[in-house]
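I sat down with this one at the bench computer and kept short notes as I went. Here they are, in the order I looked things up.

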Amino acid sequence: MRYSSSFITQLPKADLHVHLDGSLRLSTLIDIAIKERIALPAYSEKKLQALVFKPTFKNLAEYLTCFDHALLILRKPKHLERCAYELGCDALADGVRYIEVRFAPQQHVIPRKFTIEHVIKAVHDGLLRAANEHNQSSAVKEGRDIPFVFGVIVCAMRTFSAQSSEYYAHFLKTKKTANAEALSQAALALIKTAVQLRDKEGLAVVGLDVAGKEIGWHAVTFKPAYEYAQKHLMCTTVHAGEDLGAESIYHALISLHPDRIGHGLHIFNDNQLALAHIKNRTLFLERLAGLMARKNIAIESCISSNFQTNPSIKDLSEHPLPRFVEWKIPVVLCTDNRLVSRTTLSHEYEILLDYRPVPPERLKALLLRGFTHGFYPGSWTERNAFIAVVQKQIDSIFAQHKIG
Ligand SMILES: [Zn+2]
């Protein structure tokens with residue numbers, strides 16, 4: 001069964017893993033850099049794509065250097081608001097009707113000037129502006145389109161960038177502690193603020209994540225922050241198995257108990273298994289994958305991003321996504337970084353649909369899974385009502401196109 005690109009774009013989709021700083025419009029990045037007199041390696045989109053935002057990278061570490069430029073321009077709440085608004089608009093144009101935008105507030109704080117609260121509110125304001133414009137449109141009011149719902153996921157970092165060193169120093173100085181302890185304290189401070197913004201100000205902050213270089217990380221560093229989130233009924237996800245193998249996912253699962261895993265690309269890779277208690281590696285990997293499936297822990301799979309950071313993976317036949325499906329581990333397709341990975345959510349669906357035929361009922365189930373695994377910001381009843389509206393819209397678009 002072949003589906004047209006316009007059909008895929010039209011279908012309501014959910015993007016559960018998208019980084020704000022990796023999803024800017026290139027034109028906006030250049031515009032802000034010029035206005036703020038920020039040095040970039042070039043000031044044309046074409047040159048920046050050749051020098052910085054390249055089609056492929058040697059590895060995750062090189063890929064992450066793209067974010068240094070984005071972080072330099074996201075140093076004021078008004079720029080965060082603008083970029084969040086534009087991301088909301090771009091996602092809407094791509095048929096996304098539920099989005100969870102993640103970013104690391106601590107990377108944008110300027111001590112004595114812009115606090116964690118300021119930067120989270122700015123991103124929330126931008127997304128709210130995009131949502132309000134869409135939700136008040138005649139298409140939504142007349143029932144031709146469905147509302148747009150968003151949530152914000154705050155990312156704790158495994159390392160701090162140069163831009164956030166002053167903020168990070170605060171934790172080192174006041175606690176006089178080692179690096180890991182400072183990261184742990186910073187993550188705890190972040191989630192405490194996020195919970196407060198949700199509970200006292202009604203912001204749609206829906207989850208906690210850990211991002212950044214995976215090599216050398218210890219899940220247990222972030223245990224206090226995850227425990228705090230879970231104690232306050234905040235959902236959680238973790239970047240794991242993007243650069244490292246099964247052991248990283250194992251530690252994330254047993255220490256942090258996340259609701260979802262970001263990437264999980266190397267879940268079947270036992271290369272880095274150093275755990276002394278593992279005698280039978282095959283059985284260990286099977287148990288780990290089985291745990292994910294049994295506990296219904298979804299993998300946020302970002303195919304284009306995985307291709308970019310793992311040049312050895314040429315196409316989906318070398319990607320574990322077909323195995324996730326075979327193992328009945330729930331998978332949701334996500335963009336990761338619209339700018340850095342040069343993608344849209346429709347494009348991610350097209351990669352899968354080009355790889356092998358997906359019958360209409362399975363495509364519908366895949367689309368819906370994005371919504372059911374979301375950390376919806378409202379009540380469970382509201383979430384169920386929204387999913388019912390999404391389902392009806394999906395069925396109606398398939399019927400309009402006489403598919404299925
Ligand atoms: Zn990511």
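**Entry 1: the sheet, starting at strand 7**

I began with a single pair: Arg-260 has Ala-298 in strand 7 as its bridge partner. A caution to myself before going on: this is a predicted model.

Gly-262 was next, and I found it opposite Glu-300 of strand 7. Both pairs belong to the pairing of strand 6 with strand 7 (residues 298–301), which is parallel and has 3 bridges.

Then I looked at the other neighbour of strand 7. Strand 8 is joined to strand 7 by 3 bridges, again in parallel, and Ile-299 has Val-331 in strand 8 as its bridge partner.

Which way do the residues of strand 7 point? Ala-298 and Glu-300 point one way, Ile-299 and Ser-301 the other, and all are buried.

**Entry 2: the whole sheet**

I stepped back to see where these strands sit. They belong to an open sheet of 8 strands in the order 1-2-3-4-5-6-7-8, with parallel pairing. Its edges are strand 1 (13–19) and strand 8 (331–333), each of which pairs on one side only. On average, neighbouring strands are turned by 25 degrees against each other, direction ignored.

A reminder for my own margin: strands of a sheet pair through backbone hydrogen bonds, either parallel or antiparallel.

At the strand 1 edge, I found 5 bridges to strand 2 (residues 96–103), with the two strands running parallel. Ala-14 has Tyr-98 of strand 2 as its bridge partner. I also checked what packs on the sheet: helix 10 (residues 179–201) touches strand 3 (149–157) and strand 4 (205–211), and its direction makes about 160 degrees with that of strand 3.

**Entry 3: from strand 5 to strand 6**

Strand 5 (residues 235–240) and strand 6 (residues 260–263) are parallel partners with 4 bridges. Ala-240 is matched with His-263 of strand 6 as its bridge partner. Between these strands the chain passes through helix 12 (residues 246–256), and the β-α-β crossover is right-handed.

His-263 made me stop for its backbone. Its phi is near 80 degrees, a positive value in a residue other than glycine. Is His-263 buried or exposed? It counts as buried, because 27 C-beta neighbours lie inside 10 Å.

I noted Leu-233 as well, in the loop between helix 11 (223–231) and strand 5. Leu-233 is not a glycine either, yet its phi is positive at about 55 degrees. Here the surroundings are sparse enough to call Leu-233 exposed, since 9 other C-beta atoms are within 10 Å.

**Entry 4: helix 7 and the core**

I checked the length of helix 7 (residues 116–135). At 1.5 Å a residue, its 20 residues should span 28 Å, and its end C-alpha atoms are 28 Å apart, so the two agree.

Which residues of helix 7 are buried? Among them are Ile-116, Val-119, Ile-120, Val-123, Leu-127 and Ala-130, and Lys-121 and His-124 are on the list too. The buried residues pack against helix 6 (77–93), strand 2, strand 3, helix 10 and strand 4.

Two of them came up again when I looked at the largest nonpolar core, which has 113 residues. Val-101, Ile-120, Val-123, Val-154, Ala-156 and Ala-225 are the members that touch the most others. Helix 10 gives the most to this core, 9 residues. Val-123 touches Leu-20, Leu-80, Ala-84, Val-101, Phe-103 and Val-152, residues up to four places away in sequence not counted.

**Entry 5: two last residues**

Cys-89 is in helix 6. I put Cys-89 down as partly exposed, because 17 C-beta neighbours lie inside 10 Å. From Cys-89 to Gly-126 there are 37 residues in sequence and 9.8 Å in space, C-alpha to C-alpha.

Leu-285 is in helix 13 (residues 281–294). Why does Leu-285 count as buried? The cut-off is 20 or more other C-beta atoms within 10 Å, and Leu-285 is buried because it has 20 such neighbours. Setting aside residues within four places in sequence, I found Leu-285 in contact with Ala-246, Phe-268 and Asp-270. Ile-267 is 18 residues from Leu-285 in sequence and 7.5 Å away in space, C-alpha to C-alpha.

Terms used:
Residues numbered from 1 in each chain as written. Predicted model: local features only at pLDDT ≥ 70, side-chain atom pairs only at ≥ 80, totals over all residues. Pairing = 2+ DSSP bridges. Axes fitted to C-alpha atoms, helices over the stretch in contact; angles between N-to-C directions. Contact = placed C-beta atoms within 7 Å. Expected span 1.5 Å × (residues − 1). Buried ≥ 20, exposed ≤ 12 C-beta atoms within 10 Å, placed from the backbone. Core = buried A, V, L, I, M, F, W, Y, C linked by C-beta atoms within 7 Å. Right-handed = clockwise from strand over helix to strand, strands pointing away.
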